[in-house]
Each structure stands twice: as C-alpha cells, then as structure tokens.
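Q: Hi! Could you walk me through this protein? I'm new to reading structures.

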Amino acid sequence: MVKLNKIYTRTGDDGTTGLVDGSRVSKASALMQAIGDVDEANSAIGLAVVALGDDPLAAALERIQNDLFDLGADLATPATDDGFAPSEMVLRIVPAQVERLEREIDAMNVHLAPLRSFILPGGSPQAAALHLARAISRRAERSAVAATHDMPLNPTALAYVNRLSDFLFVASRAVNQNGAGDVLWRPGATRAQA
C-alpha cells in the first residue's frame, strides 16, 4: 500500500522527476508526457463515472481507473533484466487486463446498432463524457508510442491503452441507447450554411 505523508518534496524543483528505479528524467520528456496523458485520461474517466451515476458501466470504469494507476506505474518503471515481467515489487500491466477490456467491449458491442456513419461526440451528457475520455486516451496512446523512441515500454501496456479508447468508444454508444442516440456525421452538410 502506498503511504504519502508529505505531498511536496522539492526534489522536482530542478525540472526533473523520479522514476520507480530511482533514476531521474526531465518533466518535459516524452515519457512524462505519456504518464501525464494517462493521468488526464483517468481524470476524464472519473468525470464519466460521476455522469453515469449508478449505471453498471460506472463500476467497469472504476476498475479501469485503477488499471490506469497500474499503467502509470508500469510506464514509470524502466525495463529490468527480466524485461517487463511483473513481480511483487514491479507493477506491470498484464495480458489479463487487456483481455478483460476485450471481453467487456464484445459484451457491449453485441447490443449496438451497426455504424452507418462516423459519429460526433455527444448525444447524451454521459456519452459526451465518455467521448472526451476516449479522445484523451488516444492522446495518451500517441504519447506512449512517442516515448518508445527514447526507451522501451511494456508492449502489453501499449496494447492496454490502445484497447482502452476502443472500450470508451463502444461504451459511449452503449449509453447513447445502444447507438440509437448517436449523433451521425453528415459529410459536407454544413457547407451550404457557411
């Protein structure tokens, strides 16, 4: 269990931050951008949880929020001699977490109307919150991929963040009356109004 007695440490005043192994990196590094984007995605999911209230989907999103803390720890832990193997002391995203997302996506997708067009973020406040979280999750994925140019990252962590945006997209459609409340994109429809 994590125990935080003091919130500020002053160790980051020089523009660096510590990784799990004790090494320090610039707060402006690609890795820290990815970790920050994961944190922002988690915050956006928190807004979606509040918007959903007692909808059963909120419980799945709360599990995902916990996974995202695991993901942040994974990204902040450089590869060891065992590569990206989890251990009691090394927190990693594992395939079972990705597989759970896939099962949940498939379960929601069964009830959705087929897509006839791209959809606009919206429909209901709950769906809009999920779309916002989806867009931020996509950014987190792009940031994590960019960070791999500087250092290797756990491939399962990358798969998780990729699958997460798929989950959030399908979830947004599920809360929009299984797609009936989706707002469809109408290509070029507003040109005449310009």
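**Charges, layout and surface**

A: Happy to! This is a predicted model. Let's start with charge: the protein chain has 18 positive and 23 negative charges, and the mean positions of the two sets are 7 Å apart.

Q: Cool. How many helices and strands does the protein chain have?

A: There are five helices and four strands. Reading from the N terminus, the elements go β-β-α-α-α-β-α-α-β.

Q: And what size of box do the C-alpha atoms fill?

A: Roughly 55 × 40 × 35 Å, taken along the principal axes.

Q: What share of the residues count as buried?

A: Of the 194 residues in the protein chain, 40% are counted as buried.

Q: What about contacts, how much comes from residues 24 or more positions apart?

A: Taking the contacts in the protein chain with a separation of 6 or more, 71% are between residues 24 or more positions apart.

Q: Switching to the surface: how much area does the chain expose?

A: About 11100 Å², and carbon and sulfur atoms supply 57% of that.

Q: Which residues make the nonpolar surface patch?

A: Phe-118, Leu-120, Val-183 and Trp-185 make a patch of about 410 Å².

Q: Where is Phe-118 found?

A: Phe-118 sits in the loop that runs between helix H3 (95-109) and strand E3 (119-120).

Q: Is Phe-118 buried or exposed, and why?

A: Phe-118 counts as exposed because its relative accessibility is 64%, and the cut-off for exposed is over 50%.

Key:
Residues numbered from 1 in each chain as written. Predicted model: local features only at pLDDT ≥ 70, side-chain atom pairs only at ≥ 80, totals over all residues. Heavy atoms only, no water. Patch = residues over 30% accessible without salt bridge, like charges linked within 9 Å, V, L, I, M, F, W, Y side chains within 5 Å. Areas by Shrake-Rupley, 256 points an atom, 1.4 Å probe, with all protein chains shown as cover. Salt bridge = Lys/Arg side-chain N within 4 Å of Asp/Glu carboxyl O. Helix = DSSP H or I, 4+ residues; strand = E, 2+ residues; numbered from the N terminus. Buried < 20%, exposed > 50% of the residue type's maximum accessible area, 1.4 Å probe, protein only. Contact = heavy atoms within 4.5 Å. Lys, Arg positive; Asp, Glu negative; His and termini not counted. Charge placed at Lys NZ, Arg CZ, Asp CG, Glu CD.
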